[in-house]
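Q: Could you take a close look at one helix pair in this model and walk me through how the two pack? Some context on the rest of the chain and its partner would be handy too.

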Amino acid sequence: MKKPLPILLLLSLLTGAWSDGEVRFKNAEKAVASKDYPSALSEFEAALTADPDNIQYGSEYRQAVIQAKEYDRCIKFFEKLVADHPNSPNAYLNYGFAYVDKIPAAGTITQVILANTALTYFTKSLELKPSWIAYYTRGNSYLYWPKIFGRAALGVADLEQAMKMQKADSQKRSYHVRAYISLGDGYWKTDQLDKARAIWKEGLGLFPDDIQLKARLSKEGDELKEYIDDVLDPNKRVDTNLQEIWTNK
Amino acid sequence: MTRHARLLLFLALLPFGLLAASPDGSSIRFQEIGEKVKARFLHHTRIFKGPKADVLGMFTSGGSGVAVGDYDNDGFDDIFLVDSGEGRKHHLLHNNGDMTFTEVTDAAGVSGGNDPLSICADALWFDYDNDGYDDLLVARFGTPLLYHNEHNGKFRDVTKTSGLNKFGNTIAVIAFDYDNDGYLDLMFGNYFKPENLLDLKTPNVLPNDLDNAINGGGVTLWHNTGKGTFVEVTEKAGFGKHTGWTLDIGHGDFNNDGWQDVYLACDYGTDRLFMNNKDGTFREVTEKATGYDTKKGMNVDVADYDNDGLLDIYVTNITDEYMKECNMLWHNNGDGTFTDLSKETGTCSTLWGWAAKFADFDNDGWQDLFVVNGLRSAGQENYIPVLVNMITTPGIDFTNVNNWPSIGNMSWSGHQKKKLFRNLGTQAFKEISAEAGVDNDLDGRGIGLGDFDNDGLIDFVQTNADQPSLLYHNVTQPHGNWVELKLVGTKSNRDAIGARAKLKAGAMTLIREVNGGNGYSSQSTLRLHFGLGATQKIDSLEIRWPSGKVETVSVPINKISRIEEGKGVVK
């Protein structure tokens, strides 16, 4: 009878150490692993309800939503979440991404509406907390708009802000390469090719193995245009997994 | 290996096959001769009244139809051009046989229809009473007009007694014998729901959703009783549930069973494919055949572009800087499914597409493709950013015409160069519009194909909204051999619409079907045209008539042959 006691004690300590949100999140991850998406979505939602501003929960939830193609459910969930927790910048960020995630599944005009709505919530997130991820996200989103809408300059402004923040960061983080790529794309889209090449080169100096920077710097003219147009094609799914944020703090 | 897998394997091997199958070196060339031959006429869109006049004008600027047909049986195809402006007359152009035309509209009595409460949009030649002379139908945002051909160059308005008395905002019409009873029936494609836009009772007439709209006019199907009248059978035939914004209708025998099937191109949402049940009804097969799309379907043309014995479908959509839909080239897999090969074949992007027509312009045995485009060419300012502000307004009601911003003098997908794709015979097309001389930038709408000088090369009329029509004379040299067939039904409908000719010459097996108005806002010649390349001899020519009768005939090359059902070649 002596053996079980420490195990029980350990278990009770462990469960005591985990918040409700963490428990539900673990359950959700298990459900995702077994491709039980209905259970996964419910568990993720419970986890987020317990910890609404958890960027990881929100991001992983959306990845499961993409697998389950339950975009509208996700949007509705975040709508309620931010209504209940109006001061949660990461909840707003994930809310915006929920609209972005739906774009490839929508018609061309609905895509515009979704993209525009996403920008609204990215802006709200920025207003609550002007973070690197919020500037980068909104800035990058502007770049997907065709030139005719004149939004690329707004994207450049946000991405320059993100660049400032990362340059002030004493730690080099793997995801910082994204700002070099996108800011260069923004310069390219606003017809500042020299600045584009300069920022891509600067990025390559810091991230010498980055294939996206190498690809851009190896192309010119129509070939470069074709490459960037392809990258910024709204019909293609954008990788909105924010995993790098918590794996590379 | 499934057909789909075989097709993918074939596409994977394409780069190795391109050179081997390259064409014979002929160059497709056209000369625009509209003015010179008196076939150039300015089209007028309808001008609305009231504060949102320009928005309604824009939504109804799709007309400018053209119908090609030999109304006087003199062996030369004539041209009917539709106008849409209030009080404006259409243009019936009699082909003089020397590649000049004479306008005979007033004498023929077919100038009318653009009254204060109706807008003419499309036209169709078809012999509804099988008397051997093609009659004329003018489709309208309103009730249609049916003119009986009196065999003396004059037409008599028989609309009142025809039974075609139902209001519809009709933008497309086809004639086909859906029940193979020997009489041509009519299907109307209706854009708006049946509200008279010229006498609006409600502002809520525009699409309820810009990608999945279900508040359009759908289609109506009218059965020809054989007694000079038509009876509506839309519900009975299985089309009653379709409430999309129909912009074009294409028919063809997609499963080679001898019965005509129907593809509907719909703006603001899903195109629909209906297969013929052979009992007067149709079943919708969209989900299995193509899947549901959210694009802006504008055109349906039907042809066997890859000479595999199955009819394929080409649909134009909108592909522009601000909207990347891509057209759809539905390759018929022969198992009830279709695969979109527009990207793979290079026919994906034609900007704001309207009519598109397949034809073998250089007689090499492969059907090329001409596509017109362009919505509104006006001032330098672009309507799109203005429109997007409206579209992205939270909770906006798209159906309300008052919510749409005025367009004024702004352009919207204007000044677009037309696209001519040469079929390379390897599941690939090459865009050659500039070198072929057809890269005009007018606001195109319809394409009426016809061999107007009977020289074996297909010419065409291009109609444009608020702009003059163009007539392109095909001057391709060198070009391949050819045959043209004028089919005349006896048990089948007299126009032989739905008849299929299968021609074998050397390694080539080509199929053509007579169609009654496929392609946006335009009807092409009822004659069948085959390019034969260098082939000097036809090994066999088989006609399958809508009646079910199959005949084998022998025709000379480089000639137009008239073939009557049951009699073979008569001229």
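A: Let's start with the pair itself: H10(A) packs against helix H11 (residues 193–206) of chain A at an angle of about 170 degrees, and their axes are 7 Å apart. Angles over 145 degrees count as roughly antiparallel, so that is the label H10(A) and H11(A) get relative to each other. Keep in mind that this is a predicted model.

Who makes the contact? On the H10(A) side you'll find Val177(A), Tyr180(A), Ile181(A), Leu183(A), Gly184(A), Tyr187(A) and Trp188(A), and they meet Leu193(A), Lys195(A), Ala196(A), Ile199(A), Trp200(A), Glu202(A) and Gly203(A) of H11(A). Sorted by class, the residues of this contact come out as 10 nonpolar, 2 polar and 2 charged. As for the spacing along a helix, an α-helix has 3.6 residues a turn, so residues three or four places apart point the same way.

Staying with H10, which covers residues 176–189 of chain A, one more residue to click on is Arg178(A). Arg178(A) counts as buried because it has 23 C-beta neighbours inside 10 Å, and 20 or more is what the label takes. Its C-alpha is 9.7 Å from that of Leu159(A), with the two positions 19 residues apart in sequence numbering.

Now zoom out to the chain. Chain A has 14 helices and 0 strands, so the helix pair sits in a chain whose elements read α-α-α-α-α-α-α-α-α-α-α-α-α-α from the N terminus on. Its C-alpha atoms fill a box of roughly 75 × 40 × 35 Å along the principal axes. Of the 249 residues in chain A, 43% are buried. Looking at contacts between residues at least 6 apart in sequence, 55% link residues at least 24 apart.

The chain splits into domain 1 (19–110) and domain 2 (130–249). The C-alpha centres of these two domains of chain A are 25 Å apart, and 12 residues of domain 1 are in contact with 15 residues of domain 2. On the domain 1 side, helix H4 (55–68) and helix H6 (89–102) of chain A each supply at least two of the touching residues. That side has 7 nonpolar, 3 polar and 2 charged residues.

H6(A) deserves a quick look of its own. Its 14 residues span 21 Å from first C-alpha to last, close to the 20 Å expected at 1.5 Å a residue. H6(A) is also mostly covered, with 14 of its 14 residues buried.

Then there's the neighbour. Chain A puts 14 residues in contact with 15 residues of chain B, and the chain A side of that contact has 7 nonpolar, 5 polar and 2 charged residues.

While you're over in chain B, a few loops have backbone details to check. Gln477(B) and Pro478(B) are joined by a cis peptide bond, with omega about -10 degrees; Pro478(B) is in the loop between strand E30 (470–474) and strand E31 (481–488). Lys278(B) isn't a glycine, yet its phi is positive, about 70 degrees. You'll find Lys278(B) in the loop between strand E16 (272–276) and strand E17 (282–284), and with 13 C-beta neighbours inside 10 Å it counts as partly exposed. Ser521(B), also a residue other than glycine, has a positive phi near 50 degrees. Ser521(B) lies in the loop between strand E33 (508–513) and strand E34 (522–523), and it is buried, with 33 other C-beta atoms within 10 Å.

How values were computed: Residues are numbered from 1 along each chain as its sequence is written. Chains are lettered from A and ligands numbered from 1 in the order in which they are written. This is a predicted model: local features need pLDDT of at least 70, side-chain atom pairs count only at pLDDT 80 or more; totals for chains, interfaces and linings use all residues. Helices (H or I, at least four residues) and strands (E, at least two) are DSSP runs, numbered from the N terminus. A residue is buried if 20 or more other C-beta atoms lie within 10 Å of its own, exposed if 12 or fewer, and partly exposed in between; C-beta atoms are placed from the backbone. Two residues are in contact if their C-beta atoms, placed from the backbone, lie within 7 Å. Domain bounds come from an automatic or database domain assignment. Ala, Val, Leu, Ile, Met, Phe, Trp, Tyr, Cys and Pro count as nonpolar, Asp, Glu, Lys and Arg as charged, and the others, Gly among them, as polar. Axes are lines fitted to C-alpha atoms, for helices over the stretch in contact, and angles run from 0 to 180 degrees between N-to-C directions. Angles under 35 degrees count as roughly parallel, over 145 as roughly antiparallel, 65 to 115 as roughly perpendicular and the rest as oblique. The expected span of a helix is 1.5 Å times one less than its number of residues.
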